[in-house]
Amino acid sequence: MILKDAFAKTPPMGWNSWDCYGSAVTENDLIKNAEFVRDNLKDCGYQYIVCDIQWYQPTAEGKNYKSFAKLCMDEYSRLIPAENRFPSSSGGKGFKPIADRIHDMGLKFGIHIMRGIPRQAVHSGAVTKSGIKAKDIASFDSTCDWNNDMYGVDAGKKGAQEYYDSLIELYASWGVDFLKVDDIAYTEYASGGEFSGKGEIEIIRKAIDKSGRSIVLSLSPGPSRLEDAFFLETNANMWRLTGDFWDKWDKLKEMFTVLERWYTHSKPGRYPDPDMIPFGMLNVNDKNEKRESRFTKEEKETLFSLWCISKSPLIIGADLPQTDSDTIKLLTNKNLISIDQHSEDNMPVYDDGSAVVWTCVDKNGNRVLAFFNISDGEIVIDDITKILPNINEITKNKTTAVDLLKYTKIETEMLWKKIKIAPHSTKILTICEQK
C-alpha cells in the first residue's frame, strides 16, 4: 500500500491542547484557541486544531491520569466525548458540532486516541459494531504503562479490522481531519516489544483509506526506530522521533542529532516529527506548573529555525490567548514558514559539536544557510570555506544575504569575512540577488 499524497502535501501546521491543558481540555478551550488561530495564525498556514488525550474521561485533571476511571463509551465499545467537558456532544452528536464550528472558521479538526480497545468494554462484556465481543479482539498483555484506559488490539484476530473500521467511520462522521494515535510508534512496555503496535498501525491505515476521508495519521510517542522508517512512511503521515519534548535546552540540543538521522525520510505526505513546539503559556491547568516557556528568545529562534529547515510539522502547544506577542511574531515568521512548507534539498552539512549548519533551496531557487550555535559560548566563523568549501559557487553572482530572523540585508562580501553567533543562537540567511 502506498500512502496517498493527498494527505498532508506539506508539513502539517496547527495547535494541540496537550502542552497547555494536559488531559483536561474543554470545549471552551478548543474554541478560544481555534478563534485565536483563525484571527492571528491562519494566514500563515496554521490550520489543525487538535484535542489531545482523554476527552472521554469526565473527571480528567491536567497531566495526571486516574487509574481505571469511568469512561464515556457508546454501545459499540467506542469512546465518545465527556458531555460535562464538551456539552455540544450531548445526545450522541460526538465531536461533530465542534468540528463544524472549527470548519466554519476555515480550519481543520483533530483528536488524540490511545491505540486499542477500552478495558471498560472488555470487562463489561461489550460488543463491537460487527457483533464481536471486545474481549475477543483484545490483547491482554499489550498495555500502556502510563495510561491504563486500553488493551491493545490483536490485529490478527477476527473482528480487529472491523473494530477500527467502525472507529474511523465514527470519526469521519464527526468531521475529524487529523488523528494522533498514542502508545503505538514506540511501545516500550508492551510484551511484543518496542514496535508491537505495527499490526494496529496497518489496520488503522486501512480503516482511514476505507473511510474516504483525508485524515492525517500521526503516531506517538517516540523514539521511532530508523529500521522501521520504510514501514512508517508507508503507513503514516507523521511519526514521533523522541519521547515528549519539553522546553529544556538539553532536549533541543539533542534534536539536532535526531533530525540529522532522519532528514532523508522527510518527503511530501511523510514527516519525521520532533514533537510540538513548547512556546508560550504552558500547563495552565496546574497551579504549581503553570508557566511561560523556559526557552530564551534565542533558543526559541533556534528551535523554530531548525523545525522549519528540517521540514518538520509545526504544531504549537501553548495556550495561545495567553501567549506573548514576541512569541506569536516568531511563530508567524512567513520567511521561515515558507522554508518549512515549500523548500527543497533540505539537509545538514556541518556539525563540529558547537556549530551546526543546515541548508536548503527556497521556493524561488535561492540557497538558504542556517548557522546554529549549540554551544554555551560565542562562536566566530572567520573562514567559511572550512565549513562550506563550495561557498563561492553558492554565492556566485549573489551579492546580498537576507537575515530571515532580523529581516535585514547584508552584503555577502562582508558577511563571509566573519560570522559571530551568540550561545544557543541562530543566523539563518537566504543568499539572493541584489535588488
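In the predicted model, helix α2 comprises 15 residues (residues 27–41), and its end C-alpha atoms are 20 Å apart. This separation agrees with the 21 Å that the helix should span, because a rise of 1.5 Å a residue is expected. The buried residues of α2 are E27, D29, L30, I31, N33, A34, F36, V37 and L41. Two of these, V37 and L41, are also touched by Y46.

An open sheet of 8 strands is present, with parallel pairing and the order β10-β9-β8-β7-β3-β2-β1-β13. Strands β10 (271–273) and β13 (314–316) stand at the edges; each has a single partner strand, so one side of each is left without a neighbour in the sheet. On average, neighbouring strands of this sheet are turned by 25 degrees against each other, direction ignored. At one edge, β10 pairs with β9 (residues 238–240) in the parallel sense over 3 bridges, and M238 stands opposite Y271 in β10. Helix α3 (residues 96–104) packs on the sheet, where it touches β2 (48–51) and β3 (108–114). The direction of α3 makes about 140 degrees with that of β3.

The largest nonpolar core has 117 residues, and those with the most contacts inside it are Y46, F109, I111, Y171, L219 and F304. Helix α5 (residues 160–174) contributes the largest share of this core, 8 residues. Residues up to four places away in sequence not being counted, Y46 touches M13, G14, V37, L41, L107, F304, L314, I316, L331 and I337. Apart from the largest core lies another core, of 18 residues, including A355, A401, L415 and I419.

Conventions:
Residues are numbered from 1 along each chain as its sequence is written. This is a predicted model: local features need pLDDT of at least 70, side-chain atom pairs count only at pLDDT 80 or more; totals for chains, interfaces and linings use all residues. Side-chain values use heavy atoms; hydrogens and water are left out. Helices (H or I, at least four residues) and strands (E, at least two) are DSSP runs, numbered from the N terminus. The expected span of a helix is 1.5 Å times one less than its number of residues. Buried means under 20% relative accessible area, exposed over 50%, partly exposed in between (1.4 Å probe, protein chains only). Two strands pair if DSSP finds at least two bridges between them. Axes are lines fitted to C-alpha atoms, for helices over the stretch in contact, and angles run from 0 to 180 degrees between N-to-C directions. Contact means heavy atoms within 4.5 Å. A nonpolar core is a set of buried Ala, Val, Leu, Ile, Met, Phe, Trp, Tyr and Cys residues joined through side-chain atoms within 4.5 Å.
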